[in-house]
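Here's a quick briefing to read with the model open beside you. It goes topic by topic, so dip in wherever you like.

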Amino acid sequence: MTAVAIAGFAVAIYAAWLFHDMPDGSELADFHPVTSARVFAWDGTLIGEYGQERRIYVPYSRIPDRVAKAFLAAEDRNFFSHNGVDVSGVSRAMAKNVFNLLRGKRFEGGSTITQQVAKNLLLNNERTVGRKLKEVIMARRLESSLPKEQILELYLNDIYLGYRSYGVGAAAFNYFGKSLDELTLSETAFLAALPKGPENYRPSTHKAEAIGRRNWVIGEMVKAGWVTREEGLAAMKDDLVIQDKPRRAKYQDADYFVSEVELRARKLFPNDAIYTEGYYVKTTLDPRLQTMAREALMDGLETYDRRHGWRGAWGHVNSNDPNWQDQALQHDGPAERPDWKPAMVTSASSGGVKFELAEGGDGSLIGADVSWAFATRGIKTGDLVFVEKRDNGWHLRQVPKVNGALVAIDPFSGRIIALVGGYSYSLSKFNRATQALRQPGSSIKPFVYAVALSKDFTPASIIDDGPITMMGGDGKAWSPENYEHDYLGMQPIRRGLELSRNLMTVRLAQKAGIKNITQGIVNYGVLDKMPSEMSMVLGAGEVNPYRLTNAYSIFVNGGRKVKPHLIDEVQDRNGKVIYKADERVCPAACTADFDGLESPRLPLQGDQVLDPITAYEVNSMLQGVVQRGTGAAARSLGIPMGGKTGTTNDYRSAWFVGFTADLVVGVFVGFDDNSSLGNHETGAVAALPIWMDFMKSANAGKPNREFQKPRDAVYMSVRGIEEAFKPGTEPKYEAAPASEDGPKPYLDTWTDEGAPGEPVKVVPAEEPPPPPKKRPADEAGTLY
């Protein structure tokens, strides 16, 4: 008796110790597993995912019945009838374990889905009798605390199914690129086959085993009466094809954009919530324009690179080496160029180049590429190169060393429509759109003119394009020069911007006041701070393409500084909006029933930082840059547009920032080490063609939209060009006296308001002298 009492007491103590820290099953009532954030473009296209575990949480109500039935058939057919522990299932498992013991195989546990939820979410993975007892007790507690549907929901969203997939939602996407409701019966059964050992049934390594296990699941569904025999037999005949690798999104053109969204989301949501809370991130991206932007930038950088010659092969092998393919396939080209193939040159001369592909096959280069290669470094047998097949034959390819960025913005809201931060994200994660600080060169000049026009200048003002010397910030004399090293004399202010004249810009800044200029540039959002030095007006400061492009919005939207943003809205896992970029408050009428009258109007976005008339004056001048100035090549597009080129000292950076009535686009081209692009590689040569390529695609099929003009401006023709004036600043016209030669043309009369007190100047109303007959003038930017 004493021994029995002692044994009972020992069991009681063991049980008390075993169960003292067991959680209450009700803790899972509001439980949600760690869930990755999903990132969408504005049209709903999935473009990315952030998470420590790839999991797409799917509520039970959204899980197709066939998916649930497949897992029940494979794991726990009696789930909806047992109370957490399936006695018959345990008995079957014990019987099988006798044979497993004899064969040296792993024991089967006979665990129900409820037990698996208890083990995975509430207990550890130790293999002891005590843990098994805890699992049984916790399963009973779960069954008494939660409905069956919620337990099954937790299971289907938490279980690991291989291929970096947690839960059925992520597995469907990673294996097949589909949502759950798009899966076929055979695909559904394959996913249900995975819980027993995902790596043992991976189709890429164990296809026969995977198909066998899949077909067993289908058979179990047929036995349970959940699919017909005909359906089951047809599904068993299906091949098993999965994606070559798990993908965060099918859309692959927005890697730089998605990466930047991640950085900004981490700042919005501390403690890494963006990786765990299952947020839905709606961005501003337009996938169609983003693809165009990536292609335009890559093509433009490759064109620049080809212009500067073949640099030679990226590798070399002994042409008799039987394993050369292994070495060739280890070298990654840009993932964005999937048609580029690694190849080994088998024979080479100026008369022709033949090669063998690393993946099999052979070919020869087109004549133009043979000539291109032999014009510089040449090419020889054993060289490892990239080639690409086009309609007219095989082309020689090389990865550009030059890089760049393209940013496209809605000027009225600040929404980033497209953003490309470099040639290839797969080769370099550095985002030149947001992280590269470079001198803007003359692309800063429109803001100088905006400040001047906000002060005493008008579009009819005249500035001297002549030599000037002044004291620089270092205490030494500074004598800036024009790009062409020439002088045009007295010129209308418009021509200074159209032809990007350095000397006119410096004089304009001098008369308007350098402190006014630099403070205005800061107010417009170009920079956070800017020293009051005259070299700044020629682009000596540093700015990134993201901010510079957005600042140009003020010339399109009527002078309002909008906040650039990539994230429109963030919702939590339940669909509640927890962040919204548009902070405007809808008027009370928004909540009232619509009465058929005018709908409520939201206030315009952004702060008014520039008079609308002044903004349009600069807009008009920038249209002149395209019509008659340094951006004249873009005129061939036939679209109402404006913009400005920019080139810095030693041709280190090339820019073009331009706009239409509803889109602002900035392009930057430069090396990461800030070395020279080469002589005459100006903004008009290196950056403008990329801008044109993108704008041509972006505007294809769209009707032309004219720029909106301020209603209260005074419009007058000055030298054959319509100019906008603030009321009271427009020039006064007076007739010139008659002579023996007949009436003379009317004269433009104005006061040079940049130098108050000077006498009135009268100039014939005729076109100013044409610019020198050289290539369109850009400028070397800052100091000479």
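A residue counts as buried when its relative accessible area is under 20%. Asp 383 comes in at 3%, so it is buried. Keep in mind that this is a predicted model. Across the protein's 784 residues, 53% count as buried, and the secondary structure adds up to 21 helices and 27 strands. Among contacts with a separation of 6 or more, 70% are between residues 24 or more positions apart.

**Asp 383 and its surroundings**

- Asp 383 sits in strand β8, which covers residues 383-390.
- Its side chain has a polar contact with the side chain of His 316, at 2.9 Å.
- Setting aside residues up to four places away in sequence, Asp 383 touches Ala 313, Gly 315, His 316, Ala 343, Met 344 and Val 345.

**Glu 49 in strand β2**

- Glu 49 belongs to β2, residues 46-50.
- With a relative accessible area of 4%, Glu 49 is buried because the cut-off is under 20%.
- Which side chain does Glu 49 join in a polar contact of 2.6 Å? The partner is Ser 36.
- Beyond its neighbours within four places in sequence, Glu 49 is in contact with three arginines, Arg 54, Arg 55 and Arg 248, along with Ser 36, Ala 37 and Val 39.

**Ser 424 in its loop**

- The loop between β11 (416-420) and α15 (445-454) holds Ser 424.
- Is Ser 424 buried or exposed? Its relative accessibility is 3%, so Ser 424 counts as buried.
- The Ser 424 side chain has a polar contact of 2.6 Å with the side chain of Glu 336, and another of 2.8 Å with that of Ser 426.
- Not counting neighbours within four places in sequence, Ser 424 is in contact with Tyr 256, Pro 334, Ala 335 and Glu 336.
- Ser 424 and Gly 333 are 91 residues apart in sequence, yet their C-alpha atoms are 9.4 Å apart in space.

**Nonpolar cores**

- The largest nonpolar core has 68 residues, and the members touching the most others are Phe 257, Ile 274, Val 669, Trp 691 and Phe 694.
- Helix α21 (residues 683-698) gives this core its largest share, 9 residues.
- Take Phe 257: leaving out neighbours within four places in sequence, Phe 257 is in contact with Ile 47, Thr 283, Thr 284, Leu 285, Ile 416, Leu 419 and Leu 566.
- There's also a second, separate core of 58 residues, with Leu 508, Ala 540, Ala 661 and Val 664 included in it.

**Where α2 meets α9**

- Helix α2 (residues 65-75) and helix α9 (residues 203-223) have axes that come within 9 Å and cross at roughly 100 degrees.
- An angle of 65 to 115 degrees counts as roughly perpendicular, so α2 is roughly perpendicular to α9.
- On the α2 side, the contact uses Arg 66, Lys 69, Ala 70, Ala 73, Ala 74 and Glu 75; α9 brings Arg 213, Trp 216, Val 217, Glu 220 and Met 221.
- By type, the residues of this contact split into 6 nonpolar, 5 charged and no polar.
- A handy reminder for reading those lists: an α-helix has 3.6 residues a turn, so residues three or four places apart point the same way.

**Helix α7**

- How many of the 9 residues of α7 (residues 168-176) are buried? The count is 9 of 9, and the helix is mostly covered.
- Those buried residues include the aromatics Phe 173, Tyr 175 and Phe 176, as well as Val 168, Gly 169 and Asn 174.
- They pack against strands β1 (37-40) and β2, and against helices α2, α6 (148-158) and α8 (185-193).
- Gly 177, just after α7, takes a positive phi of about 65 degrees.

**Positive phi outside glycine**

- Asp 650 is not a glycine, but its phi is positive, at about 60 degrees. Asp 650 is in the loop between β20 (642-647) and β21 (653-659), and is partly exposed, with a relative accessible area of 46%.
- Asn 674 also isn't a glycine, and its phi is positive, near 65 degrees. Asn 674 lies in the loop between β22 (664-670) and α21, and is partly exposed at a relative accessible area of 27%.

Key:
Residues numbered from 1 in each chain as written. Predicted model: local features only at pLDDT ≥ 70, side-chain atom pairs only at ≥ 80, totals over all residues. Heavy atoms only, no water. Helix = DSSP H or I, 4+ residues; strand = E, 2+ residues; numbered from the N terminus. Buried < 20%, exposed > 50% of the residue type's maximum accessible area, 1.4 Å probe, protein only. Polar contact = N/O pair within 3.5 Å; in protein donor to acceptor, adjacent residues only side chain to side chain. Contact = heavy atoms within 4.5 Å. Core = buried A, V, L, I, M, F, W, Y, C linked by side-chain atoms within 4.5 Å. Axes fitted to C-alpha atoms, helices over the stretch in contact; angles between N-to-C directions. Parallel < 35°, antiparallel > 145°, perpendicular 65-115°, else oblique. Nonpolar A, V, L, I, M, F, W, Y, C, P; charged D, E, K, R; others polar.
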